[in-house]
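Subject: A structure for you to look at

Hi,

Here is the structure I promised to pass on. Have a look at it first, and then read my notes below.

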Amino acid sequence: MWKVFATAYIAKCLGCSGITASGLPADHHKHYVAASPQWPIGTCVELKIQNKWAKYTVQDRGPKKKNHFDILVATKAEAV
């Protein structure tokens, strides 16, 4: 098991989310994450967030910091 750092974020406008580096629409329902370049697009990862494990797929590029993930979530409250 590796220790990683994750941050959550929301879309800047209602109904918009953008396109991921993989070409897929960003969608918080799909459990996609943006990851540092060391994680290839399509990599499946399991992250423990608030004592709950969830599976995510790397579909976008995020921070260049090693072992860092950005997770798109639905609401500001969920991001906090």
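Let's start with one side chain. Trp-39 has a relative accessibility of 13%, and that is under the 20% cut-off, so this residue counts as buried. Keep in mind that this is a predicted model.

Now find Phe-69, which is buried too, at a relative accessible area of just 1%. These two belong together: the structure has 1 aromatic pair. The ring centres of Trp-39 and Phe-69 are 5.3 Å apart and their planes meet at 45°, so the pair is called tilted. What does the pair tie together? Trp-39 sits in the loop between strand 2 and strand 3, while Phe-69 belongs to strand 5, so parts that are 30 residues apart in sequence are tied together.

Both residues are also in the largest nonpolar core, which has 11 residues in all, with Val-33, Leu-47, Tyr-56 and Ile-71 among them. Strands 2, 3, 4 and 5 each give two or more residues to this core, and the largest share, 3 residues, is from strand 4. Val-58 is another core member. Leaving out residues up to four places away in sequence, Val-58 touches eight others you can look up, including Val-33, Trp-39, Pro-40 and Phe-69.

Next, the empty space. There is 1 cavity of 30 Å³ or more, and it holds about 50 Å³. Its lining includes Tyr-9, Thr-20, Asp-60 and Leu-72. Strand 2 gives the most to that lining, with 3 residues. By type, the lining has 6 nonpolar, 1 polar and 3 charged residues.

There are pockets to see as well. The largest one has about 420 Å³ of space. It is lined by 19 residues, and the closest to its centre are Ile-49, Tyr-56, Ile-71, Val-73 and Glu-78. Which strand gives the most to this lining? That is strand 4, with 4 residues. The lining divides into 12 nonpolar, 4 polar and 3 charged residues.

The second largest pocket comes to about 270 Å³. Among its 14 lining residues, Trp-2, Val-4, Glu-46, Leu-47 and Trp-53 are nearest the centre. Here strand 3 gives the most, with 6 residues. This lining has 11 nonpolar and 3 charged residues, but no polar ones.

Happy browsing!

Technical notes. Residues are numbered from 1 along each chain as its sequence is written. This is a predicted model: local features need pLDDT of at least 70, side-chain atom pairs count only at pLDDT 80 or more; totals for chains, interfaces and linings use all residues. Side-chain values use heavy atoms; hydrogens and water are left out. On a 1 Å grid over the protein atoms alone, a cavity is a set of points where a 1.4 Å probe fits but cannot get out, and a pocket is an open set with protein on both sides within 12 Å along at least five of seven lines; lining residues have an atom within 4 Å of a point. Grid points are joined across faces, edges and corners, and a volume is the space filled by probe spheres set on the points. Ala, Val, Leu, Ile, Met, Phe, Trp, Tyr, Cys and Pro count as nonpolar, Asp, Glu, Lys and Arg as charged, and the others, Gly among them, as polar. A nonpolar core is a set of buried Ala, Val, Leu, Ile, Met, Phe, Trp, Tyr and Cys residues joined through side-chain atoms within 4.5 Å. Buried means under 20% relative accessible area, exposed over 50%, partly exposed in between (1.4 Å probe, protein chains only). Contact means heavy atoms within 4.5 Å. Rings of Phe, Tyr and Trp (its six-membered ring) pair if their centres lie within 6.5 Å; planes under 30 degrees apart count as stacked, over 60 as edge-to-face and the rest as tilted.
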